[in-house]
Amino acid sequence: MQAEETRQSVCFEIPDLAAAVRLTRRLGGIWDVSLEDSRDINLVSVALRSDPSDLAVLLRNVEAWVKEESLCAIRFGVDSRDYVLTAGEADWAAIPAAVG
């Protein structure tokens, strides 16, 4: 066994930078979180802890945030697979317009 094991991470795709910052702040008090911002998409990466239930706790937390933000759905990746997390209803008026 290696002295330091590689920790599994989950990456959430957030279209709006301000929303990505809010998610990073929300999760940062519990997990190690990083934010990679770009013009097209913002990635919020979360390092999972060793607790076997950590992924479920994280997803419930993000699900509640998605509902609070009225995003309706976001993509996330774990174990080299992509998924969609859905919650609540979309507030289309609150979604920022794309800048060309």
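Residues are classed by relative accessible area as buried (under 20%), exposed (over 50%) or partly exposed (in between), with a 1.4 Å probe and protein chains only. The model is predicted, so local features are reported only at pLDDT of at least 70 and side-chain atom pairs only at pLDDT 80 or more, while totals for chains, interfaces and linings use all residues. Residues are numbered from 1 along each chain as its sequence is written, and side-chain values use heavy atoms, with hydrogens and water left out.

The protein chain contains two helices and five strands; these elements are DSSP runs numbered from the N terminus, helices being H or I runs of at least four residues and strands being E runs of at least two. Along the sequence the elements follow the order β-α-β-β-α-β-β. Of the 100 residues in the protein chain, 28% are buried. The area exposed by the protein chain is about 6,800 Å², of which carbon and sulfur atoms supply 50%; accessible areas come from the Shrake-Rupley method with a 1.4 Å probe, and for residues only the protein chains shown count as cover. Among contacts (heavy atoms within 4.5 Å) in the protein chain between residues at least 6 apart in sequence, 50% join residues at least 24 apart.

Helix α1 spans residues 17–28, twelve residues in total. The distance from its first C-alpha to its last is 16 Å, close to the 16 Å expected at 1.5 Å a residue, where the expected span is 1.5 Å times one less than the number of residues. The buried residues of α1 are A19, A20, L23, T24 and L27. They lie on the same side of α1, because they cover an arc of only 140° around the axis; the arc is that of the directions from the helix axis to the C-beta atoms. In general, an α-helix has 3.6 residues a turn, so residues three or four places apart point the same way. The packing partners of the buried residues of α1 are β1 (9–14), β2 (32–36), β3 (42–47) and α2 (54–68).

One of these partners, strand β3, includes S45. S45 is buried, because its relative accessible area is 19%. With residues up to four places away in sequence not counted, S45 touches V10, C11, D32, V33 and S34.

Five salt bridges were counted, a salt bridge being a side-chain nitrogen of Lys or Arg within 4 Å of a carboxyl oxygen of Asp or Glu. One of them joins E13 and R75, with the closest N and O atoms 3.1 Å apart. This pair links distant parts of the chain, as E13 is in strand β1 and R75 in strand β4, 62 residues apart. E13 counts as partly exposed because its relative accessibility is 23%, and R75 falls in the partly exposed class at 41%. R75 also meets D82 in a salt bridge, at 3.7 Å from N to O. D82 counts as exposed, with a relative accessibility of 57%. E13, R75 and D82 are thus linked in a network of salt bridges.

A further salt bridge is formed by the side chains of E69 and R22, at 2.7 Å from N to O. E69 lies in the loop between α2 and β4 and R22 in helix α1, so this pair ties together parts that are 47 residues apart in sequence. R22 is partly exposed, at 39% relative accessibility.

The loop between α2 and β4 also holds S70. Phi of S70 is near 55°, a positive value in a residue other than glycine. A positive phi, of about 75°, is likewise found at C72, which is not a glycine. C72 is placed in strand β4 and is partly exposed, with a relative accessible area of 26%.

Strand β4 (residues 72–78) also includes A73. A73 counts as partly exposed because its relative accessibility is 34%. With residues up to four places away in sequence not counted, A73 touches V66, V84, L85 and T86. For one of these, V84, the C-alpha atom is separated from that of A73 by 6.5 Å, the two residues being eleven apart along the chain.
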